[in-house]
Amino acid sequence: MNIKPKDLVLEIGSGDNPKLRSDVLCDMIPEDDTQRGGAIVLDRPFIAADGQYLPFADKSFDYIICCHVLEHAEDPALFLSELMRVGRGGYIETPTEIGEKLYDWPYHRWFVNLDSSGKLILKPKTKEGEFGQLFSYLFSKDPAYARFHAQNHKLFLVQYEWSEKINYEIVDSDSVLLDLNSWENVEKLVGKQTKSGVAATVKQLIPAEIRKRMKSTLVKGRQKKTLQDIKDIIVCPICKGQVQWHDESISCQKCDSEYPIKDGIPFMLGK
């Protein structure tokens with residue numbers, strides 16, 4: 001990720017394992033861990049919000065990290081437009097269509113691919129996969145398979161970095177985006193094992209809980225933003241108007257919407 005030392009970084013869908021460099025965290029459902037791998041992490045300024053209706057002023061962040069969220073979106077065009085409105089650049093990561101078909105997460109709505117020109121291609125996911133929980137089981141129980149997954153991460157992950165504009169297209173569900181009958185296409189798709197693939201393999205050897213504790217220690221060791229520091233960039237998620245902060249709520253001065261503050265967390269969910 002091309003993040004500069006002084007960049008203000010937002011992470012959308014931060015969940016149980018936010019990136020070390022993120023300054024502000026955002027997740028839609030902090031009280032429900034069903035769709036994440038553990039308990040929500042609240043060690044930095046945190047706003048409960050929908051990525052389709054972000055409660056931040058235009059271009060208020062230098063960089064936005066968005067890992068494994070786009071495929072959940074009801075309206076990906078609206079979601080991506082909000083990323084471009086709020087940020088100057090960022091990083092998007094999703095499962096590939098191959099990964100989605102193998103692991104078949106039931107709460108994902110979209111297949112995502114990256115074409116040869118570097119464009120994100122999204123198409124609706126209209127039916128369940130054929131393999132059930134088979135590959136999820138292998139990933140969690142079989143170290144050899146987990147290493148294969150890490151070494152061949154290009155098969156399973158879309159990794160897309162953008163600046164100013166996100167290049168994307170939404171196609172219909174009948175579109176065929178992967179021709180795996182061609183040896184040449186498969187060779188291009190798999191490619192050579194990259195440094196990031198090697199790093200992912202090494203990372204896989206460290207238990208997840210130990211990685212989280214290491215990250216938590218590093219976060220505590222650097223100067224962090226507080227909720228007070230970012231109050232001036234918070235806006236109404238619906239109308240983008242200015243807001244007024246109260247002890248237990250935030251109110252919009254333009255459309256009169258009101259958002260609760262629960263246990264110190266602003267819940268600024270839009271429509």
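Strands here are DSSP runs of E with at least two residues, numbered from the N terminus. That is worth having in hand, since the model you are looking at is a predicted one, and Leu 269 is placed by reference to such a run: it lies in the segment after strand S13 (265–266). Overall, the protein has 8 helices and 13 strands, and 43% of its 271 residues count as buried.

**Overall picture**
- Among contacts between residues at least 6 apart in sequence, 62% join residues at least 24 apart.
- The protein exposes about 14,900 Å², and carbon and sulfur atoms supply 52% of that area.

**The strands S10, S11 and S12**
- Let's start with strand S11 (residues 249–252), where Ser 249 and Ser 251 point one way while Ile 250 and Cys 252 point the other. All four of these residues are buried.
- In general, side chains of a regular strand alternate between the two faces of the sheet.
- On one pairing, strand S10 (residues 243–245) meets S11 in the antiparallel sense over 3 bridges, with Gln 244 opposite Ser 251. S10 and S11 form a hairpin that has 3 residues between them.
- S11 is also joined to strand S12 (residues 258–262) by 3 bridges, and these two strands run antiparallel. Here Ser 249 stands opposite Pro 260.
- S11 and S12 form a hairpin too, with 5 residues between the strands. In this hairpin Asp 256 takes a positive phi near 65°.

**The sheet S6-S7-S9 and helix H1**
- Three strands make up an open sheet in the order S6-S7-S9, and the pairing is mixed.
- Its edges are strand S6 (110–114) and strand S9 (168–170), each of which pairs on one side only.
- From one strand to the next, the twist averages 20°.
- Strand S7 (residues 120–124) pairs with S9 in the parallel sense over 3 bridges, and Ile 121 has Glu 169 of S9 as its bridge partner.
- Helix H1 (residues 76–86) lies across S6, S7 and S9. Relative to S9, helix H1 runs at about 165°.

**A nonpolar patch at the surface**
- Which residues make the nonpolar surface patch of about 240 Å²? They are Met 28, Ile 29 and Leu 269.
- Leu 269, the residue placed after S13 above, counts as partly exposed because its relative accessibility is 34%, and partly exposed covers the range between under 20% (buried) and over 50% (exposed).

Definitions and conventions:
Residues are numbered from 1 along each chain as its sequence is written. This is a predicted model: local features need pLDDT of at least 70, side-chain atom pairs count only at pLDDT 80 or more; totals for chains, interfaces and linings use all residues. Side-chain values use heavy atoms; hydrogens and water are left out. Helices (H or I, at least four residues) and strands (E, at least two) are DSSP runs, numbered from the N terminus. Buried means under 20% relative accessible area, exposed over 50%, partly exposed in between (1.4 Å probe, protein chains only). Contact means heavy atoms within 4.5 Å. Accessible areas come from the Shrake-Rupley method with a 1.4 Å probe; for residues, only the protein chains shown count as cover. Two strands pair if DSSP finds at least two bridges between them. Patches are made of residues with over 30% relative accessible area and no salt bridge: like charges are joined within 9 Å, nonpolar side chains (Val, Leu, Ile, Met, Phe, Trp, Tyr) within 5 Å. A salt bridge is a side-chain nitrogen of Lys or Arg within 4 Å of a carboxyl oxygen of Asp or Glu. Axes are lines fitted to C-alpha atoms, for helices over the stretch in contact, and angles run from 0 to 180 degrees between N-to-C directions.
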